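Q: I should like to learn how to read a structural model feature by feature. May we take one topic at a time, with the general idea placed before the case?

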Amino acid sequence: MLHFFIAIGAATVFYLLSRKLTFLVRQPLIWGPVFGAGIYFFMHYVVLPLAANPRFRTTTLSVATVSDFAVHMILIGPSIALAARRFSR
């Protein structure tokens with residue numbers, strides 16, 4: 001349930017930003033991955049250290065870290081950007 005709340009929150013942030021910064025929806029395949037990377041870094045370096053077990057350790061280059069980053073850049077960010085473009089008209 002929290003995962004969907006976070007995803008809807010990220011989509012809402014992008015949509016609200018795109019209302020003022022129209023280049024976000026004009027070029028969604030460029031700005032979507034950038035936004036996806038921003039989501040990853042925000043979640044990995046802000047949310048998880050504050051919410052996880054105190055023994056939470058971040059690793060810099062593990063397979064899981066690279067794949068999580070790729071998923072955010074290739075799937076999540078562009079999906080949000082394309083949906084915002086579709087529904088901003």
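Q: To begin with a single residue, does Gly77 count as buried or exposed?

A: A residue counts as buried when its relative accessible area is under 20%. The model shown here is predicted. In it, Gly77 counts as buried because its relative accessibility is 0%. Gly77 has its place in helix 4.

Q: Which residues does Gly77 touch, not counting those up to four places away in sequence?

A: A contact is read from heavy atoms within 4.5 Å. With residues up to four places away in sequence left out, Gly77 touches Gly32, Pro33, Gly36 and His72. A C-alpha distance gives another view: Gly77 and Ile30 are 47 residues apart in sequence, and their C-alpha atoms are 9.7 Å apart in space.

Q: His72 appears among those partners. Where is His72 found, and is His72 buried or exposed?

A: His72 is found in helix 4, which covers residues 63–87. The cut-off for a buried residue is under 20%. His72 has a relative accessible area of 17%, so His72 is buried. Beyond four places in sequence, His72 touches Gly36, Ile39, Tyr40, Gly77 and Pro78.

Q: How many helices and strands are there in the protein?

A: An overview of the elements places such residues in context. The protein has 4 helices and 0 strands. Read from the N terminus, the order of its elements is α-α-α-α.

Q: What share of the residues of the protein counts as buried, and what does the accessible surface come to?

A: Both values describe the chain as a whole. Of its 89 residues, 25% count as buried. The accessible surface comes to about 6600 Å², and 74% of that surface belongs to carbon and sulfur atoms.

Q: What share of the contacts with a separation of 6 or more joins residues 24 or more positions apart?

A: Contacts may be sorted by the separation of their residues along the chain. In this protein, residues 24 or more positions apart account for 70% of the contacts with a separation of 6 or more.

Q: How is the packing of two helices to be read; for example, at what angle do helix 3 and helix 4 pack?

A: One reads the angle and the axis distance, then the crossing and the residues that meet. Helix 3 and helix 4 pack at an angle of about 130°, and their axes are 6 Å apart. Angles of 65 to 115 degrees count as roughly perpendicular and those over 145 as roughly antiparallel, so helix 3 is oblique to helix 4. Their crossing is right-handed. The contact includes Gly32, Pro33, Gly36, Ile39 and Tyr40 of helix 3, and His72, Gly77 and Pro78 are among the residues that helix 4 contributes. By class, the residues of this contact divide into 15 nonpolar, 5 polar and 2 charged.

Q: At what angle do helix 1 and helix 3 pack, and which residues meet there?

A: The steps of reading are repeated for this pair. Helix 1 (residues 2–20) and helix 3 (residues 28–51) pack at an angle of about 130°, with 12 Å between their axes. That angle makes helix 1 oblique to helix 3. The crossing of helix 1 past helix 3 is right-handed. Ile6, Ala10, Val13 and Phe14 of helix 1 meet Trp31, Phe35, Ile39 and Met43 of helix 3. The residues of this contact comprise 8 nonpolar, no polar and no charged.

Q: How far apart are the axes of helix 1 and helix 4, and which residues make the contact?

A: The axes of helix 1 and helix 4 are 10 Å apart, and the two helices pack at an angle of about 55°. Helix 1 and helix 4 are therefore oblique to each other. Helix 1 passes helix 4 in a right-handed crossing. Helix 1 contributes Ala10, Ala11, Phe14 and Tyr15 to the contact, and helix 4 contributes Ile80, Ala81, Ala84 and Phe87. These residues divide into 8 nonpolar, no polar and no charged.

Q: Does Phe87 count as buried or exposed, and what is the state of Ala11?

A: A residue in a helix contact is still classed by its own accessible area. Phe87 counts as exposed because its relative accessibility is 60%. The C-alpha atoms of Phe87 and Tyr15, 72 residues apart along the chain, are separated by 9.0 Å. Ala11, in helix 1, has a relative accessible area of 29% and is therefore partly exposed. Ala11 and Ser79 are 68 residues apart in sequence and 9.1 Å apart in space, C-alpha to C-alpha.

Key. Residues are numbered from 1 along each chain as its sequence is written. This is a predicted model: local features need pLDDT of at least 70, side-chain atom pairs count only at pLDDT 80 or more; totals for chains, interfaces and linings use all residues. Side-chain values use heavy atoms; hydrogens and water are left out. Buried means under 20% relative accessible area, exposed over 50%, partly exposed in between (1.4 Å probe, protein chains only). Accessible areas come from the Shrake-Rupley method with a 1.4 Å probe; for residues, only the protein chains shown count as cover. Axes are lines fitted to C-alpha atoms, for helices over the stretch in contact, and angles run from 0 to 180 degrees between N-to-C directions. Angles under 35 degrees count as roughly parallel, over 145 as roughly antiparallel, 65 to 115 as roughly perpendicular and the rest as oblique. A crossing is left-handed if the near helix is turned anticlockwise from the far one by less than a right angle, and right-handed if clockwise. Ala, Val, Leu, Ile, Met, Phe, Trp, Tyr, Cys and Pro count as nonpolar, Asp, Glu, Lys and Arg as charged, and the others, Gly among them, as polar.
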